[in-house]
Amino acid sequence: MIFCVLFVQISFGQATISPKERLKILLSNQNDWKSVIYMEGLSIEGDNGMTWRNESVPYVIEIAFESDGASDLGVKVLLKSNTNQEAIVGYNFGNEQLYLNTINAGKTNIPNALGLFSTPLKVLRGRVKFYVFVYNNIVEVFANDGEGFLSSRVFPEDNSFDWQIFTEGKANVGQLGVYEIRN
């Protein structure tokens, strides 16, 4: 969690702000978001072979899940065809952990820049909601209105715009919105 606090201080040149305040700031700029996808009521198991492509970064994925027996669920971003490249944002119901796995999110010589990061997170009313912000070199995830927050630098190859929902078991997606952020 120290990594996350340092990121906020360094990136924004301000005193430390909470993840809830950071999310509030990001959501206040929704006028700069262009809706690409909006769906409700999906039932999924595994990855269903569904991979989507955004035309560019930055973008935001807003997704709300309910487990229907799933042990893990989430979103893989920065996917690159014919490679193992991906950053995985997920939730594990067994140990109640939000996680961000950037081990395969590109290549770098910076020690410990990529890794598996996690934080405890309780399910709210049977549901886990993510806002996943994907930038050229950063992935940020806010879960359950900022109760959980993780962030990591990433080093993806060019044109790594594909993303995919995944589950281990069955889950229901109550809401899925994808938005491109206009600069």
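Let me start with one term: a residue is buried when its relative accessible area is under 20%. Take Phe133: its relative accessibility is 1%, so Phe133 counts as buried. Keep that residue in mind. One caution before we go on: this is a predicted model.

Now the overview. The protein has 183 residues, and 49% of them count as buried. There are two helices and 12 strands. Along the sequence, both helices come before the strands: the pattern is α-α-β-β-β-β-β-β-β-β-β-β-β-β. Next, contacts. Take those between residues at least 6 apart in sequence: 68% of them join residues at least 24 apart.

On to the sheets. Strands of a sheet pair through backbone hydrogen bonds, either parallel or antiparallel. Which kind do we have here? One open sheet has six strands in the order 1-12-3-8-9-10, and its pairing is antiparallel. Its edges are strand 1, residues 33–45, and strand 10, residues 148–153; each of these pairs on one side only. On average, neighbouring strands in this sheet are turned by 15° against each other, direction ignored.

Let's walk across that sheet. Start at strand 1. It runs antiparallel to strand 12, residues 170–181, and 11 bridges join the two. One place to look is Ser35, whose bridge partner in strand 12 is Tyr179.

Next comes strand 3, residues 59–67. How many of its nine residues are buried? Seven are, so strand 3 is largely enclosed by the rest of the structure. On one hand, nine bridges join strand 3 to strand 12, again antiparallel. Tyr59 has Glu180 of strand 12 as its bridge partner. Strand 3 is also joined to strand 8, by eight bridges, with the two running antiparallel. There, Glu66 has Arg127 of strand 8 as its bridge partner.

What lies across this sheet? Helix 2, residues 19–27, lies across strand 1, strand 8, strand 9 and strand 10. Helix 2 runs at about 110° to strand 9. For orientation, strand 8 covers 127–134 and strand 9 covers 138–143. Which residues of helix 2 are buried? They are Arg22, Leu23 and Leu26. These three cover an arc of only 100° around the axis, which puts them on the same side of helix 2.

Now the rings. The count comes to seven aromatic pairs. Here is Phe133 again, in a stacked pair with Tyr135: 6.4 Å centre to centre, 15° between the planes. A second pair is Phe142 with Phe149. That one is tilted, at 4.8 Å centre to centre and 45° between the planes. Are those two residues buried or exposed? Both Phe142 and Phe149 are buried. Zoom out a little. Trp33, Phe133, Tyr135, Phe142, Phe149 and Tyr179 form one aromatic cluster. You have met Tyr179 already, as the strand 12 partner of Ser35.

One more ring, this time with a charge. Where does the charged end of Lys76 sit? Over the ring of Phe166, 5.5 Å from its centre.

Second sheet. This one is open too, with six strands in the order 2-11-4-5-6-7 and antiparallel pairing. Strand 2, 51–53, and strand 7, 116–120, are the edge strands, and each pairs on one side only. Neighbouring strands here are turned by 15° against each other on average, direction ignored.

Look at strand 5, residues 87–92, and strand 6, residues 97–101. Five bridges pair them in the antiparallel sense. Tyr91 stands opposite Leu98 in strand 6.

Last topic: backbone angles. Most residues other than glycine have a negative phi. Which residues here go the other way? Glu96 is one of them: its phi is positive, about 50°, although it is not a glycine. Glu96 is in the loop between strand 5 and strand 6. With 31% relative accessibility, Glu96 counts as partly exposed.

Asn144 also has a positive phi of about 50°, and it is not a glycine. Its place is the loop between strand 9 and strand 10. Is Asn144 buried or exposed? Its relative accessibility is 3%, so Asn144 counts as buried.

To wrap up, remember the two open sheets: one ordered 1-12-3-8-9-10, the other 2-11-4-5-6-7. And remember helix 2, lying across strands of the sheet we walked through, strand 9 among them.

Methods. Residues are numbered from 1 along each chain as its sequence is written. This is a predicted model: local features need pLDDT of at least 70, side-chain atom pairs count only at pLDDT 80 or more; totals for chains, interfaces and linings use all residues. Side-chain values use heavy atoms; hydrogens and water are left out. Two strands pair if DSSP finds at least two bridges between them. Helices (H or I, at least four residues) and strands (E, at least two) are DSSP runs, numbered from the N terminus. Axes are lines fitted to C-alpha atoms, for helices over the stretch in contact, and angles run from 0 to 180 degrees between N-to-C directions. Contact means heavy atoms within 4.5 Å. Rings of Phe, Tyr and Trp (its six-membered ring) pair if their centres lie within 6.5 Å; planes under 30 degrees apart count as stacked, over 60 as edge-to-face and the rest as tilted. Buried means under 20% relative accessible area, exposed over 50%, partly exposed in between (1.4 Å probe, protein chains only). A charge sits over a ring if NZ of Lys or CZ of Arg is within 6 Å of the ring centre and within 35 degrees of the ring normal. The arc is that of the directions from the helix axis to the C-beta atoms.
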